[in-house]
Amino acid sequence: RPRREYATAHMRGATSIPLEELRARLDELPKDREIVAYCRGQYCLLADEAVAILRASGRRARRTDEDAVRWILEGLPVES
């Protein structure tokens, strides 16, 4: 998610790497664990693009069906 959205609220434990920085920051991400990308809603394509980049780098990655807005509205744990 964009840095501003992440700063407002994000899923607890999430790491912020905006899409435009992802390729340059791949070394910060584990190669031995699955990475789960999420976005602002089901029609947001940022998470899909992130998953494609992560998989192309040899990492296991998937997009979650949960999105940040629903996560917040459901009262699930967030950090800001």
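In these legends, helices (H or I, at least four residues) and strands (E, at least two) are DSSP runs, numbered from the N terminus. The model on show is predicted.

**View 1. What lines the largest pocket?** Helix H2, strand S2 and helix H3 each put at least two residues into the lining of the largest pocket. H3 is the top contributor, giving four residues. The pocket holds about 590 Å³ of space. Its lining runs to 25 residues, and those closest to the centre are Thr15, Ile35, Val36, Ala37 and Tyr38. By type, the lining splits into 18 nonpolar, four polar and three charged residues.

**View 2. The largest nonpolar core, with 14 residues**. Leu22, Leu26, Leu29, Ile35, Ala37, Leu54 and Ala61 are the members that touch the most other members. S2 and H3 are the elements that give two or more residues to this core, and its largest share, five residues, comes from H3. As a general pattern, nonpolar side chains in soluble globular proteins tend to be buried together.

**View 3. Zooming in on Ile35.** Leaving aside residues up to four places away in sequence, Ile35 touches Leu29, Pro30, Leu54, Arg59, Arg60, Ala61 and Arg62. Ile35 also turns up in two earlier views: among the core members that touch the most others, and among the pocket-lining residues closest to the centre.

**View 4. Glu34 and Arg62 join up in a salt bridge**. Their side chains meet at 3.2 Å, N to O. This pair links distant parts of the chain, 28 residues apart: Glu34 sits in the loop between helix H2 (19–22) and strand S2 (35–37), and Arg62 in strand S3 (residues 61–63). Are these two buried or exposed? Glu34 has a relative accessible area of 37%, which makes it partly exposed, and Arg62 is partly exposed too, at 37% relative accessibility.

**View 5. Asp48 and Arg63 form another salt bridge**. Here the side chains meet at 3.3 Å, N to O. Asp48 is in helix H3 (residues 46–56) and Arg63 in strand S3, so this bridge ties together parts that lie 15 residues apart in sequence. Asp48 counts as partly exposed because its relative accessible area is 38%. Arg63 comes in at 21%, and it is still partly exposed because buried means under 20%.

**View 6. A small salt-bridge network of Glu21, Arg25 and Glu28**. Salt bridges link these three residues. Within the network, the side chains of Arg25 and Glu28 meet at 2.9 Å, N to O. The structure holds four salt bridges.

Conventions
Residues numbered from 1 in each chain as written. Predicted model: local features only at pLDDT ≥ 70, side-chain atom pairs only at ≥ 80, totals over all residues. Heavy atoms only, no water. Buried < 20%, exposed > 50% of the residue type's maximum accessible area, 1.4 Å probe, protein only. Core = buried A, V, L, I, M, F, W, Y, C linked by side-chain atoms within 4.5 Å. Contact = heavy atoms within 4.5 Å. 1 Å grid on protein atoms, 1.4 Å probe; cavity = no way out; pocket = protein on both sides within 12 Å on 5 of 7 lines; lining within 4 Å. Points joined across faces, edges and corners; volume = space filled by probe spheres on them. Nonpolar A, V, L, I, M, F, W, Y, C, P; charged D, E, K, R; others polar.
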